[in-house]
Amino acid sequence: MVDLKVDMGRGLVLANPVMPASGTFAEGLAKVVDLNGLGALVTKTITAELRGGNPTPRVAEVGNGMLNSIGIPSKGIDQFLDEALPFYRRFSSPLIVSISAPTVDDFGRAAARLNVEGIAGIEANISCPNIEEDGKAFAMRPQTTEQAVSAMRKVTDLPLWAKLTPNTGDIASVARAAEAAGADGLVVANTILAMTIDIETMRPTLGNVMGGLSGPAVKPIALRMTYQCARAVDIPVIGCGGIASAEDAVEFLLAGARAVQVGTATFTRPGTMDEVIAGITEYCRRKGFNAVAELGAALNADMLAPDVMEAAQ
Amino acid sequence: MVDLKVDMGRGLVLANPVMPASGTFAEGLAKVVDLNGLGALVTKTITAELRGGNPTPRVAEVGNGMLNSIGIPSKGIDQFLDEALPFYRRFSSPLIVSISAPTVDDFGRAAARLNVEGIAGIEANISCPNIEEDGKAFAMRPQTTEQAVSAMRKVTDLPLWAKLTPNTGDIASVARAAEAAGADGLVVANTILAMTIDIETMRPTLGNVMGGLSGPAVKPIALRMTYQCARAVDIPVIGCGGIASAEDAVEFLLAGARAVQVGTATFTRPGTMDEVIAGITEYCRRKGFNAVAELGAALNADMLAPDVMEAAQ
Amino acid sequence: MRQIDNADVTPGSGGFAAQVADTVARVVSNDWVNAEYKLIVLDAPGLAASAEAGQFFNIECPVVGEDKPFFRRPMSTYAADPETGRVEFLYKVAGAGTRGLASLISGGTTRILGPLGVGFTLPDDVRSIVVLGRGVGLATLAPLAEMARDRGVAVTAIVSARGPEQILSVERFRAAGAKVEIVLDSDGTSAMTNVEAILRRLHAEGRADGFYTCGSNRLMLLMQKLAAELDVFGEVAMEQQMACGLGMCFCCVRNFTVEGETISKRVCWDGPVFALSEATSW
Amino acid sequence: MRQIDNADVTPGSGGFAAQVADTVARVVSNDWVNAEYKLIVLDAPGLAASAEAGQFFNIECPVVGEDKPFFRRPMSTYAADPETGRVEFLYKVAGAGTRGLASLISGGTTRILGPLGVGFTLPDDVRSIVVLGRGVGLATLAPLAEMARDRGVAVTAIVSARGPEQILSVERFRAAGAKVEIVLDSDGTSAMTNVEAILRRLHAEGRADGFYTCGSNRLMLLMQKLAAELDVFGEVAMEQQMACGLGMCFCCVRNFTVEGETISKRVCWDGPVFALSEATSW
Ligand SMILES: Cc1cc2nc3c(=O)[nH]c(=O)nc-3n(C[C@H](O)[C@H](O)[C@H](O)COP(=O)(O)OP(=O)(O)OC[C@H]3O[C@@H](n4cnc5c(N)ncnc54)[C@H](O)[C@@H]3O)c2cc1C
Ligand SMILES: Cc1cc2nc3c(=O)[nH]c(=O)nc-3n(C[C@H](O)[C@H](O)[C@H](O)COP(=O)(O)OP(=O)(O)OC[C@H]3O[C@@H](n4cnc5c(N)ncnc54)[C@H](O)[C@@H]3O)c2cc1C
Ligand SMILES: Cc1cc2nc3c(=O)[nH]c(=O)nc-3n(C[C@H](O)[C@H](O)[C@H](O)COP(=O)(O)O)c2cc1C
Ligand SMILES: Cc1cc2nc3c(=O)[nH]c(=O)nc-3n(C[C@H](O)[C@H](O)[C@H](O)COP(=O)(O)O)c2cc1C
Ligand code: FES
Ligand code: FES
C-alpha cells in the first residue's frame with residue numbers, strides 16, 4: 001500500500017496530490033469523473049465584481065498545446081457562494097476557491113468573504129493585472145506579490161496559496177516574497193503569454209491578440225520553475241503546467257512539488273486525473289516508495305541555486 | 001518577382017531575411033547547403049577567453065523541442081580570427097559574429113577586436129551571465145542591457161545587434177534600453193530556461209540540470225516577444241524561436257520582424273533555411289506582395305501596447 | 001430530453017455513476033457519402049449509444065503526418081441506438097481534425113466523449129414541425145425527425161444545398177416519414193424569399209407548430225423572424241469552436257438575447273440547442 | 001578516405017556542389033535479423049551511396065503513436081554501394097527512434113543525411129588488421145573488412161557476444177575473407193583475459209599491424225593498452241548522443257587525450273573514428 005496523502009500545511013491534508021488547475025475544471029466534470037477521488041477541487045478564478053470575458057476566438061491549438069484568452073468571466077462572489085458552493089459541498093474532496101482582484105485591498109476584501117463552511121482553502125490568482133501598477137500582474141514582482149498576499153493573510157486563517165506567473169523574470173524571488181507574506185503554498189505556474197498568427201487572414205489567431213500558452217509545450221518550463229521555487233521556499237509547491245500523464249506528474253514531484261494540478265489535459269482526456277493518481281501509485285510501488293511524500297527528496301542532482309536563471313547559451 | 005531584400009540599418013542590406021541562429025550553424029552546413037544563398041551567416045557565440053562547455057548529456061529531446069546545455073565552449077577570439085574567419089570570408093553572405101563576455105568592459109573589448117575585414121556585423125549575446133551582477137544575465141534587465149550595449153557602441157561602427165533573453169519579465173523595456181544604448185537591431189530571442197527529469201534514473205536529463213528550450217515548442221512565446229519588441233522599438237527586430245517552415249517565418253514577419261533566424265530546425269532538416277526562403281517568396285507572390293519588407297505592416301490587428309504582459313487568466 | 005442538470009449530479013453514496021463517458025469506440029465503417037462528407041459508424045455501447053437528438057460528442061481525431069489536431073472535435077449525433085450500441089456521425093472533411101477522423105479504418109478505435117450538451121425539445125403542444133437545414137446542419141437535424149415520428153409529430157424537412165450533389169440526409173428524413181422539400185442555389189429555389197414563402201405556406205397549412213434549424217446563419221435569422229411574427233416555438237442548434245465540451249473552458253461562448261439583455265452562454269453546456277428567440281447572428 | 005576537410009568546402013564560383021546530401025531514401029526491405037536487430041536496405045542513390053567504412057548517417061525516424069523522436073538518429077553505414085545506389089543499416093531496436101525506424105515498410109521513405117564524419121583509415125604500412133567488436137559495434141566494423149580486402153590487407157575479426165543468438169555479421173566478415181574468432185559470455189570465452197590472449201597471439205603471429213574496435217568500452221581499453229605496449233596502429237569508432245551530425249551543435253563531445261592534454265572533440269565531426277591512443281573511457 002502506497003500512502004498517497006500529502007500535508008499541505010495549516011491543517012490541510014489531501015488524500016492524494018492530484019487536483020484540477022483553476023479554469024480547467026467545473027461542475028461538468030462530475031458527469032464523467034468521480035470528484036470524490038481527487039485530492040482537491042479548485043474552482044475557476046472568481047472576482048468580487050461581475051466580469052465578461054474576452055472576444056472570440058478565445059482559443060487556438062498550437063503544436064502540442066493550447067493558447068487561450070478566456071479571461072476571467074465571473075458572476076461574482078455572491079453568485080458563487082449561493083449557487084456553485086452548494087454544489088461542491090456535496091463532494092468530500094476539499095474545495096479550494098481561486099480568487100482574483102484588481103487591487104491589493106480588493107484581494108483582502110475578496111479573501112475575507114471566503115471564511116465560509118465548505119471552503120477548505122484559497123488560491124490567489126495573482127497572475128492578474130494590478131490596476132494600481134499600470135496593469136502589471138501582481139506576481140511579476142516580489143513587492144506587489146508581498147502586498148497582495150499580506151492583505152489576504154490578515155483576513156483569513158484558511159490555507160492560502162499564491163498562484164505565480166511564469167512571465168516574470170525572477171520566480172524564485174517572487175516565491176520567497178509570497179512565503180514571507182504568509183502564503184501556505186505556491187502554485188507554479190499559470191499560462192505563458194504567447195501568440196500565433198493566421199497567415200491566411202493575416203490576423204492574430206485569438207480575438208485578444210495574445211493569450212496564455214498551456215499544455216505539453218510548456219511542461220519543461222513549468223518544471224524548471226517548480227524546481228526553482230521548491231528550492232527557494234519551505235512551504236509546499238504545487239506544480240502545474242503541461243501535466244498529461246502520471247510520468248509528467250512524477251517529474252514535478254521529483255522536482256520538489258508536494259502536489260500537482262492538471263489543466264489542459266483534462267480538456268483532451270477528461271479522465272487524466274484518475275490516470276495520474278493510479279500511475280503515481282504504481283510508480284511508487286515499482287520504485288519502492290512507501291509514500292508519495294518521499295518523492296520530494298528523491299532527485300539525484302547536484303542541486304543548483306534556485307536563482308540560476310542563466311540559459312545555457 | 002518578389003523583392004526579398006531587407007534593410008537592417010547602418011548600411012547593412014541582406015539579400016533575403018533568412019539566417020541561421022547563433023550556435024546552430026557552423027562550417028559543416030556548407031557541405032549540405034549553399035551558404036551564398038542565405039541572407040547572412042551568424043557564428044556560434046565566441047568569447048575572448050577560452051571556455052570549455054558543460055558536462056554531458058548536453059541535449060535532450062522534449063515533446064516537439066530541444067533542451068540543451070551546450071554552454072559556450074569557445075576557442076577564443078584569436079583563434080576565430082585566424083581560423084574560422086578566413087573560411088567564412090569565402091562566402092558572399094555577410095558574416096555576423098556573435099560574442100559574449102562576463103562583464104560590461106569585456107563586451108566592449110571583445111567588440112573592439114572585430115573591426116576587421118570580412119565581419120559585417122556583431123550580434124551581442126547578452127543572454128549570458130554578468131559576473132558583476134551575481135551572474136544574472138545582462139538582458140534580464142534594462143539597465144545592464146544598456147550598459148553592455150553602450151560599451152560596444154562606443155568602440156564599433158559595425159551594425160550591432162543585441163540578442164535578448166526570453167527569461168526576462170519585461171522584454172519590451174529591455175528592447176527599449178538596447179535601442180537607447182545604440183543597438184542597430186534586436187534578436188528576439190534566445191532559448192527559454194527549462195528542465196526535464198528522467199523518472200527512471202531520478203536524475204535531471206541534462207548533466208547541467210537546467211538548459212535552454214528551443215524548437216517548435218517555444219514558437220508562440222518567441223512570436224509574442226517579437227511582436228512586443230517590434231512595437232516597442234524602431235530598430236529592426238530579428239525573430240527567432242521555433243521557426244521550422246516558411247509559414248512559421250511569415251508569422252514572425254507579420255508580427256513585425258524584419259528578418260528571421262532558424263536554429264533547431266536546421267539540426268533536424270539541414271535544408272530548412274532554403275525551404276523557408278523559397279516559401280516566403282511563394283507566399284508573397286500568392287498574397288500579392290511585391291517585397292518581403294511589406295509584410296511588416298500587413299498584420300490586421302487592433303494593436304496592443306507592447307507592455308501588455310498580462311496573461312489572459 | 002433536456003440534459004440532466006447540475007442538481008442531479010450527486011456523488012454516489014456508494015458507487016459513482018457517470019452520465020457522460022469517454023468511450024473507446026471501434027470503427028465499424030467510415031465511408032464517403034459524397035465528395036465532401038463521410039459517415040462514420042462506431043461500435044460504442046453504454047452511455048454513448050443513449051445520446052438523444054441534438055446532443056453531441058467530442059471526438060479524439062488521430063494525428064496523421066503534418067495534421068496534429070490537439071483538441072477533440074465536436075460532432076452532432078447523427079444516429080445512436082442503445083439496442084445495437086452503434087453511434088454514427090456524418091461529417092464534412094474540412095481541416096486537420098476531420099482529415100484525421102477520415103483516416104480511421106474499420107477495426108480502428110478512437111475516443112468519443114458524450115453524450116454532451118442539451119438536445120432538442122418537443123413541447124407537448126407541438127404536433128407538427130418544420131426542420132430547415134443546410135450543409136452539415138442536416139446531420140444535426142436528422143435524428144430530430146425520428147424523435148418526432150416516435151412521438152407522433154409530423155415533420156416537414158426543408159433541405160437547402162448548393163446543388164443536387166450536395167443534398168444530404170434526404171433518405172433519412174423520408175424514412176422517418178418526413179415530407180421533404182429541397183431548395184437549391186443552382187436553380188435559385190434556395191433564395192430567402194422562396195424559403196420564406198414555403199415556411200409561410202406550411203404555417204398556413206397548419207404544418208408548422210415548431211421551427212428547428214441548424215447550419216446557416218441566414219436561415220436561422222429568417223426562421224427567427226417568422227417564429228416571432230407567427231408565434232411559433234423554435235429551436236436552433238449552434239456551433240462554436242470548443243475545447244472541453246463539458247462547460248469547463250468557456251471558449252465556446254456566444255451571445256444570446258434573454259429578456260432584452262445580451263448574455264453569453266456556453267454552446268457546449270447551455271446548448272448546443274437554444275431557444276430560437278434567444279439566438280443572435282453569428 | 002578521410003572526410004574532405006574545411007579547406008575543400010569552396011563555394012562554387014558557378015554551381016554549388018554538396019558533399020553531404022539529405023537524401024529521401026526509399027525502403028527496399030526492413031527485416032529482423034535476430035530478436036533485437038533489424039537490417040534496413042534503402043534505395044539512396046547519389047552522394048549517400050558513396051559512404052565509406054566508418055562514416056555514418058543521421059536518419060529521420062517516423063513518429064509512431066506515443067513515440068515522437070524529435071532528433072534524427074545516427075547510424076553507421078553497414079553497406080553502401082555506389083553502383084546499385086543501395087545503403088544499408090543494421091540497427092538495434094532500442095527506444096523511440098529505432099522503434100520508429102523499425103516501423104518503416106518497403107516502399108516507404110525517410111530522409112538520411114550523409115555520408116557524415118570521418119571513417120576508418122588504413123595506413124599503407126598496415127598489412128594485417130584485427131577488428132574487435134561487440135553488439136552494434138560490429139555493424140560499424142563490417143564494412144572495414146571489405147575495405148581491407150580491397151586493399152589486400154588481411155583481417156581477423158573477433159566477434160564478442162552474450163551468447164550464440166547475439167552473434168552478428170559473421171557471414172559478412174567471412175565473405176570478405178576475414179578469419180573470424182567468436183568469443184561468448186555464455187561460455188566464458190569473452191573474458192578480458194582470454195581476449196587479451198587472443199590479441200597477443202595474433203600479434204605474435206604477425207597478423208596484427210592494426211587494431212580496430214567499436215561497441216565496448218572494456219574492449220576498447222584493452223586494445224588501447226595492448227596497442228601502446230606493442231606499438232600497433234589503432235582506431236576506435238565512438239558513439240555519443242547527437243543532434244545535428246554536422247559539427248554544429250556541440251552536443252556530441254567526448255574527451256580525448258592528445259599529447260598528454262585532455263581536449264574535447266565532436267564525435268560527429270572529428271570522428272566517429274578516432275585514434276585509439278587518444279580515446280578515453282566512456
Ligand atoms: C455542437 C457541434 C456539432 C457539430 N456537428 C457536426 C457534424 O455533425 N458534422 C460536421 O461535419 N461538423 C459538425 N460540427 C462542426 C465540426 O466540429 C467542425 O467541422 C470541425 O471541428 C472542424 O475541424 P477541422 O480540424 O477539420 O477543421 P479546422 O478548421 O482545421 O479546425 C480548426 C479549429 O476550429 C474548430 N472549428 C472549425 N470549424 C468549426 C465549426 N464549424 N464548429 C466548431 N468548431 C469548428 C475546430 O474544432 C478546431 O478547433 C459541429 C460543431 C459543433 C460545435
Ligand atoms: C556514429 C554512430 C553510429 C551508430 N551506429 C549504429 C548502428 O549502426 N546500429 C545501431 O543499432 N546503433 C548505432 N548507433 C547507436 C544509435 O544511434 C542509437 O542506438 C539510437 O540513437 C537509439 O535511439 P532510440 O531512440 O532508439 O533510443 P533512445 O534511448 O530512446 O534514445 C534517446 C536519445 O539518446 C540517443 N542515444 C541513445 N543511445 C545512443 C547511442 N548508443 N549512441 C548515440 N546516441 C544514442 C538517441 O539518439 C536519442 O537522442 C550509432 C551511434 C553513433 C553515434
Ligand atoms: C482555458 C483555460 C482557462 C484558465 N483559467 C484560469 C483561471 O481562471 N485562473 C487561473 O489561475 N488559471 C487559469 N488557467 C491556467 C491553468 O490553471 C494552468 O495554470 C495552466 O493552464 C497550466 O497548466 P496546464 O498546462 O496543465 O493547462 C486557465 C487555463 C486554461 C487553459
Ligand atoms: C544547441 C544550441 C546552441 C546554441 N548556442 C547559442 C549560442 O552560442 N549563442 C546564442 O546566442 N544562442 C545560442 N543558441 C540559441 C539559438 O541561437 C536560438 O536563439 C534558439 O535556439 C531559439 O531558436 P530555435 O528554436 O530556432 O532553435 C543555441 C541553441 C541551441 C539549440
Ligand atoms: S467547450 Fe469548454 S466550455 Fe464549451
Ligand atoms: S551532433 Fe551536433 S556537433 Fe555533433
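**Two ligand sites, questioned**

Mentor: In this predicted model, β4(D) gives the most to the shell around ligand 2, with 4 residues.

Trainee: Which other elements give two or more residues to the shell around ligand 2?

Mentor: β6 (86-92) and α1 (96-102) of chain D do, alongside β4 (73-76). Of the 20 residues around ligand 2, those that come nearest include R73(D), P74(D) and G97(D).

Trainee: Why is ligand 2 said to lie between domain 1 and domain 2 of chain D?

Mentor: Both domain 1 (2-116) and domain 2 (128-278) give residues to its shell, so ligand 2 lies between them.

Trainee: What makes the pair of G97(D) and ligand 2 a polar contact?

Mentor: A polar backbone atom of G97(D) is 2.7 Å from an oxygen atom of ligand 2. The cut-off for a pair of N or O atoms is 3.5 Å, so this pair counts. A backbone N or O atom of K92(D) also lies 2.8 Å from an oxygen atom of ligand 2. For A96(D), a backbone N or O atom lies 3.5 Å from a ligand 2 oxygen.

Trainee: How much of ligand 2 does the protein bury?

Mentor: Ligand 2 taken alone exposes 820 Å², and the protein buries 80% of that.

Trainee: How do the residues of the shell around ligand 2 divide?

Mentor: Into 11 nonpolar, 6 polar and 3 charged.

Trainee: On to ligand 4. Where does ligand 4 lie?

Mentor: Ligand 4 lies between chains A and B. Among the 3 pairs of chains that touch, chains A and B have the most contacts.

Trainee: What makes the pair of T45(B) and ligand 4 a polar contact?

Mentor: An N or O atom in the side chain of T45(B) is 2.6 Å from a nitrogen atom of ligand 4. That is within 3.5 Å, so the pair counts. T264(B) has a polar side-chain atom 2.6 Å from an oxygen atom of ligand 4. K44(B) places a polar side-chain atom 3.0 Å from a ligand 4 nitrogen.

Trainee: How much of ligand 4 is buried?

Mentor: Taken alone, ligand 4 exposes 610 Å². The protein buries 100% of that. In chain B, β6 (65-68) and α7 (264-268) are the elements giving two or more residues to its shell. That shell divides into 6 nonpolar, 15 polar and 2 charged residues.

Trainee: How do you know that chain B and chain C do not touch?

Mentor: Contact needs heavy atoms within 4.5 Å. Chains B and C do not touch, and their nearest C-alpha atoms are 11 Å apart. Chain A and chain D do not touch either, with nearest C-alpha atoms 11 Å apart.

Methods:
Residues are numbered from 1 along each chain as its sequence is written. Chains are lettered from A and ligands numbered from 1 in the order in which they are written. This is a predicted model: local features need pLDDT of at least 70, side-chain atom pairs count only at pLDDT 80 or more; totals for chains, interfaces and linings use all residues. Side-chain values use heavy atoms; hydrogens and water are left out. A residue is near a molecule or strand if one of its heavy atoms lies within 4 Å of it. A polar contact is a pair of N or O atoms within 3.5 Å; within protein, one must be able to donate a hydrogen and the other to accept it, and residues adjacent in sequence count only if both atoms are side-chain atoms. Accessible areas come from the Shrake-Rupley method with a 1.4 Å probe; for residues, only the protein chains shown count as cover. Ala, Val, Leu, Ile, Met, Phe, Trp, Tyr, Cys and Pro count as nonpolar, Asp, Glu, Lys and Arg as charged, and the others, Gly among them, as polar. Domain bounds come from an automatic or database domain assignment.
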